[in-house]
Amino acid sequence: MSSRDEGGGVVWTVINCFMVILFGYVSGWLKYITPDQAKSIGFYAWALALPAAVIRVLIRLQLDDINFILGIILSKSTVFALVLMIALVCGPRDNRLGNATLMAVFCAQSNDFALGYPICEAIYSSRHP
């Protein structure tokens with residue numbers, strides 16, 4: 001498979017993720033979904049669908065590709081360190097270390113599963129089924 005095919009898979013995966021978000025937003029804005037229905041969908045997604053998807057990913061995880069894992073660790077560590085340093089220098093004076101650490105964790109870990117898994121699935125599904 002060429003890199004062009006892989007790139008197309010990533011693009012369509014990202015478009016699908018954002019379309020789901022957009023349709024959810026528009027549905028709520030147009031009142032197609034009531035607040036009670038939104039709570040039920042949120043409960044289903046958080047308590048049932050997300051744990052099932054995480055378990056599925058963990059079961060299928062192959063730790064053979066150490067370069068991929070090291071790349072993730074390196075990139076997340078770099079983001080964490082940069083945000084931590086910037087927040088320590090520019091952040092509020094009271095509880096500076098605590099606030100800087102929270103900001104660094106939020107930046108390094110945000111959207112890992114929501115966007116990261118479908119993108120990785122699109123790229124690596126043909127090589128690592």
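Helices, written α here, are DSSP runs of H or I at least four residues long, numbered from the N terminus. With that in hand, the overall layout of this predicted model is easy to read: going from the N terminus, the elements of the protein chain follow the order α-α-α-α-α. That makes 5 helices and 0 strands.

How confident is the prediction? Averaged over the protein chain, the pLDDT comes to 79, and 78% of the residues reach at least 70. The confidence is not spread evenly over the elements. Helix α3 (residues 66-90) has the highest mean pLDDT, 87, while helix α5 (residues 112-124) sits at the bottom with 65.

Next comes the surface. The protein chain has 129 residues, and 10% of them count as buried. Its accessible surface adds up to about 10,000 Å², with 71% of that belonging to carbon and sulfur atoms. As for contacts, take those between residues at least 6 apart in sequence: 69% of them join residues at least 24 apart.

Helix α1 (residues 3-29) is a good place to zoom in, and isoleucine 15 is part of it. Which residues make the nonpolar surface patch? Val11, Trp12, Ile15, Met19, Leu22 and Phe23 do, and together they form a patch of about 590 Å². Isoleucine 15 counts as partly exposed because its relative accessibility is 34%, a value between the 20% and 50% cut-offs.

Serine 27 is also found in helix α1. Is serine 27 buried or exposed? Its relative accessibility is 18%, and since buried means under 20%, serine 27 counts as buried. Setting aside the neighbours within four places in sequence, serine 27 is in contact with Tyr32 and Ile33.

Two residues in loops catch the eye through their backbone angles. Most residues other than glycine have a negative phi. Lysine 31, though not a glycine, has a positive phi of about 65°. This lysine is found in the loop between α1 and α2. Lysine 31 counts as exposed because its relative accessibility, 66%, is over 50%. Asparagine 95 is the other case: its phi is positive too, at about 55°, and it is not a glycine either. Asparagine 95 belongs to the loop between α3 and α4. With a relative accessible area of 56%, which is over the 50% cut-off, asparagine 95 is therefore exposed.

Helix α3 offers a link between parts of the chain that are separated in sequence. Serine 75 lies in this helix, and the C-alpha atoms of serine 75 and alanine 108 are 8.7 Å from each other, with the two positions 33 residues apart along the chain. Serine 75 counts as partly exposed because its relative accessibility of 40% falls between 20% and 50%.

Finally, the cysteines. A disulfide is a covalent bond between the sulfur atoms of two cysteines. How many disulfides does the structure hold? The count is 0. Cysteine 17 and cysteine 90 can still be described by their surroundings. Cysteine 17 has a relative accessible area of 15%, so it falls under the 20% limit and is buried. Cysteine 90, by contrast, has a relative accessible area of 63%, which is over 50%, so it is exposed.

How values were computed:
Residues are numbered from 1 along each chain as its sequence is written. This is a predicted model: local features need pLDDT of at least 70, side-chain atom pairs count only at pLDDT 80 or more; totals for chains, interfaces and linings use all residues. Side-chain values use heavy atoms; hydrogens and water are left out. pLDDT is the predictor's confidence in each residue, from 0 to 100. Helices (H or I, at least four residues) and strands (E, at least two) are DSSP runs, numbered from the N terminus. A disulfide is a pair of cysteine sulfur atoms within 2.5 Å. Buried means under 20% relative accessible area, exposed over 50%, partly exposed in between (1.4 Å probe, protein chains only). Patches are made of residues with over 30% relative accessible area and no salt bridge: like charges are joined within 9 Å, nonpolar side chains (Val, Leu, Ile, Met, Phe, Trp, Tyr) within 5 Å. Accessible areas come from the Shrake-Rupley method with a 1.4 Å probe; for residues, only the protein chains shown count as cover. A salt bridge is a side-chain nitrogen of Lys or Arg within 4 Å of a carboxyl oxygen of Asp or Glu. Contact means heavy atoms within 4.5 Å.
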